[in-house]
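The predicted model shown below can be read by asking where its residues lie and which of them meet. Please look over the sequence and the structure before reading the questions.

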Amino acid sequence: MAQQWLQELDDFLEKDKIEIAQVIENGGKLLVKAAESLAPGFKRRGLTTSQIRNVFGTVKKMEINGFNAHEFILLKPKLAYAAARANTDGTHAFAEVLTRAIEAVDEDETKFARFVDFFEAILAYHKAAGGK
């Protein structure tokens with residue numbers, strides 16, 4: 001089933017009552033819980049640390065240079081390309097979660113800061129789960 005990973009992701013988020021828009025809106029404990037819950041699944045489904053870092057580097061540059069909504073929204077096609085290129089359930093699920101987070105940020109600089117925090121937390125928990 002080609003889109004089984006998407007259904008599994010939605011089921012997982014629903015089971016843990018995680019809504020990505022709320023994670024970006026509220027941050028804090030919810031952000032940490034979401035990252036802690038999601039990262040091991042990404043790892044188990046084939047997402048590598050280098051795949052995360054490829055996109056993370058772009059996000060950190062945006063953080064350093066100042067938030068630019070146009071540049072930020074262009075992460076969506078980059079994520080889609082990276083997921084299609086790697087073609088693992090983990091990369092597709094990761095791209096889907098970050099795409100939802102990007103949509104939640106929209107053009108809000110405060111939410112962008114929470115997006116960066118969420119991304120960093122996913123990277124940390126992925127590595128803690130044995131991500132390579």
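**Questions on the model**

Q: What does Glu-120 count as at 30% relative accessibility?
A: This is a predicted model, in which local features need pLDDT of at least 70, side-chain atom pairs count only at pLDDT 80 or more, and totals for chains, interfaces and linings use all residues. Residues are numbered from 1 along each chain as its sequence is written, and side-chain values use heavy atoms, with hydrogens and water left out. By relative accessible area, a residue is buried under 20%, exposed over 50% and partly exposed in between (1.4 Å probe, protein chains only). At 30%, Glu-120 is therefore partly exposed.

Q: How far apart are N and O in the salt bridge between Lys-60 and Glu-120?
A: A salt bridge requires a side-chain nitrogen of Lys or Arg within 4 Å of a carboxyl oxygen of Asp or Glu. The side chains of Lys-60 and Glu-120 meet this rule, the N to O distance being 2.9 Å.

Q: Which parts does the pair of Lys-60 and Glu-120 tie together?
A: Helices (H or I, at least four residues) are DSSP runs, numbered from the N terminus. The two residues are 60 places apart in sequence and lie in separate helices, so their pairing ties together helix 4 (residues 49–65) and helix 8.

Q: Which residue is linked in a network of salt bridges with Lys-60 and Glu-120?
A: Lys-60 is partly exposed, with a relative accessible area of 24%. The network that holds Lys-60 and Glu-120 also includes Glu-63.

Q: Which residue forms a salt bridge with Lys-111?
A: Lys-111 is buried at 18% relative accessible area, whereas its partner is partly exposed at 41%. The closest N and O atoms of the pair are 3.0 Å apart. Because Lys-111 is in helix 8 (residues 109–128) and the partner in helix 2 (residues 20–26), the bridge ties together parts 86 residues apart in sequence. The partner is Glu-25.

Q: Which helices hold Glu-103 and Lys-76?
A: The side chains of Glu-103 and Lys-76 meet in a salt bridge of 2.9 Å, N to O. The pair ties together parts that are 27 residues apart in sequence, with Glu-103 in helix 7 (residues 89–105) and Lys-76 in helix 6 (residues 75–86).

Q: How many salt bridges are there by this rule?
A: The pairs described above include Lys-60 with Glu-120 and Lys-111 with Glu-25. By the stated rule the full count is five.

Q: Which helix gives the most residues to the largest nonpolar core?
A: A nonpolar core is a set of buried Ala, Val, Leu, Ile, Met, Phe, Trp, Tyr and Cys residues joined through side-chain atoms within 4.5 Å. The largest core has 40 residues, and those with the most contacts inside it are Phe-72, Phe-94, Phe-112, Phe-115, Phe-118 and Phe-119. Elements giving two or more residues include helix 1 (4–15) and helix 3 (28–44). The greatest contribution, nine residues, comes from helix 7.

Q: Which residues is Phe-119 in contact with, leaving aside its neighbours within four places in sequence?
A: Contact means heavy atoms within 4.5 Å. By this limit, the partners of Phe-119 outside those neighbours are Ile-52, Val-55, Phe-56, Val-59, Phe-94 and Leu-98.

Q: Which helix supplies the largest share of the lining of the largest pocket?
A: On a 1 Å grid over the protein atoms alone, a pocket is an open set of points where a 1.4 Å probe fits, with protein on both sides within 12 Å along at least five of seven lines, and lining residues have an atom within 4 Å of a point. Helix 4, helix 6 and helix 7 each supply at least two lining residues of the largest pocket. The largest share, eight residues, comes from helix 6.

Q: Where is Asn-87 placed?
A: Phi of Asn-87 is near 50 degrees, a positive value in a residue other than glycine. Asn-87 also counts as exposed, at 56% relative accessibility. Its place is in the loop between helix 6 and helix 7.

Q: Where is Asp-106 found?
A: Asp-106 likewise has a positive phi, near 55 degrees, and is not glycine. With a relative accessible area of 52%, Asp-106 is exposed. It is found in the loop between helix 7 and helix 8.

Q: What distance separates the C-alpha atoms of Gln-4 and Asp-89?
A: Gln-4 is in helix 1 and counts as partly exposed at 38% relative accessibility. Gln-4 and Asp-89 are 85 residues apart along the chain, and their C-alpha atoms are separated by 8.5 Å.
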